[in-house]
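Subject: Structure handover

Hello,

Here is the structure you will be taking over. My notes on what was found in it follow below.

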Amino acid sequence: MEREKRIWGSYAVLYQDAYCKIKYLYIEPGAQISYQYHLHRTEDWAIDSGCARFVLDGRAQPLKPGDRVRILPGQLHTVKNTGDGLLIIHEIQTGEQLEETDIVRCPLPENL
């Protein structure tokens with residue numbers, strides 16, 4: 001399984017077809033993905049290991065192993081690894097466009 005490096009860690013694609021992509025996200029301690037939304041896909045996340053601070057449409061909540069979240073098209077979201085170890089998220093994308101180009105990045109509000 002080949003990992004694609006990112007500033008926040010890496011990800012690996014486990015499966016992909018025309019309407020579904022399954023990935024693992026590996027987020028380094030203290031790192032955070034961009035505050036973003038997607039136009040064409042839904043994402044379902046399951047926390048496999050680590051702890052996180054998840055923000056969805058301006059509302060923050062902690063996440064721990066076993067927690068699950070659904071991110072609908074147009075919903076602003078980010079996640080930060082708040083633990084000392086690797087945060088591993090199992091991500092299932094569904095929709096008609098599953099490319100990395102379907103990411104709209106936004107500035108993170110000061111209060112988040």
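In which strand is the place of T42? T42 sits in strand β5. Before going further, please note that this is a predicted model.

T42 has a relative accessible area of 14% and therefore counts as buried, since the cut-off for that is under 20%. Apart from neighbours within four places in sequence, T42 is in contact with R70, I71, L72 and P73, and also with I92, Q93 and T94.

Strands around β5

Strand β5 covers residues 41-49. β5 pairs with β10 in the antiparallel sense, over eight bridges. One of the residue pairs here is R41 with its bridge partner G95 in β10. β5 is also joined to β8 by four bridges, and these two strands run antiparallel as well. Here W45 stands opposite V69 in β8.

β8 has two faces: V69 and I71 make up the covered one, while R68 and R70 make up the uncovered one.

β10, residues 87-95, pairs with β3 too. That pairing is antiparallel and has eight bridges. In it, K23 is placed opposite E91 of β10.

E91 and G95 in β10

Is E91 buried or exposed? Its relative accessibility is 3%, so E91 counts as buried. The side chains of E91 and W45 are joined by a polar contact of 2.9 Å. Leaving out neighbours within four places in sequence, E91 is in contact with K21, I22, K23 and L25, and with E43, D44 and W45.

G95 is found in β10 as well. G95 and A18 are 77 residues apart along the chain, yet their C-alpha atoms are separated by 8.4 Å. With neighbours within four places in sequence set aside, the contacts of G95 are A18, Y19, H40 and R41.

The nonpolar core

In soluble globular proteins, nonpolar side chains tend to be buried together. The largest nonpolar core in this model has 16 residues. Those that touch the most other members are W8, I27, W45, F54, V79, L87 and I89. Two or more residues of this core come from each of β3 (20-27), β5 (41-49), β6 (52-56), β8 (68-71) and β10 (87-95).

Which residues is F54 in contact with, leaving aside its neighbours within four places in sequence? They are W45, R59, A60, Q61, L63, V69, I71, H77, T78 and V79. Among these, V69 and I71 belong to the covered face of β8.

β9 takes in residues 77-81 and is mostly covered, with four of its five residues buried. β9 and β6 pair in the antiparallel sense over five bridges. L56 stands opposite H77 of β9.

E100 and the largest pocket

Where does E100 lie? E100 is in the loop between β10 and β11, the latter being residues 104-106. E100 has a relative accessible area of 28% and so is partly exposed, a class that runs from 20% to 50%. Setting aside residues up to four places away in sequence, E100 touches R6, Y11, K21 and K23. With K23 there is a polar contact between side chains, at 3.1 Å. K23 is also the residue that stands opposite E91 in β10. As for G30, E100 is 70 residues from it in sequence and 23 Å from it in space, C-alpha to C-alpha.

E100 is also one of the residues that lie nearest the centre of the largest pocket; the others are W8, I33, Q36 and I103. How many residues line this pocket? The lining is made up of 19 residues. β3, β5 and β10 each give two or more residues to the lining, and β5 gives the most, with three. The space in the largest pocket is about 240 Å³.

W8 appears in two of these findings: W8 is among the core residues that touch the most other members, and W8 also lies among the residues nearest the centre of the largest pocket.

Regards

Methods:
Residues are numbered from 1 along each chain as its sequence is written. This is a predicted model: local features need pLDDT of at least 70, side-chain atom pairs count only at pLDDT 80 or more; totals for chains, interfaces and linings use all residues. Side-chain values use heavy atoms; hydrogens and water are left out. A nonpolar core is a set of buried Ala, Val, Leu, Ile, Met, Phe, Trp, Tyr and Cys residues joined through side-chain atoms within 4.5 Å. Buried means under 20% relative accessible area, exposed over 50%, partly exposed in between (1.4 Å probe, protein chains only). Contact means heavy atoms within 4.5 Å. Two strands pair if DSSP finds at least two bridges between them. A polar contact is a pair of N or O atoms within 3.5 Å; within protein, one must be able to donate a hydrogen and the other to accept it, and residues adjacent in sequence count only if both atoms are side-chain atoms. On a 1 Å grid over the protein atoms alone, a cavity is a set of points where a 1.4 Å probe fits but cannot get out, and a pocket is an open set with protein on both sides within 12 Å along at least five of seven lines; lining residues have an atom within 4 Å of a point. Grid points are joined across faces, edges and corners, and a volume is the space filled by probe spheres set on the points.
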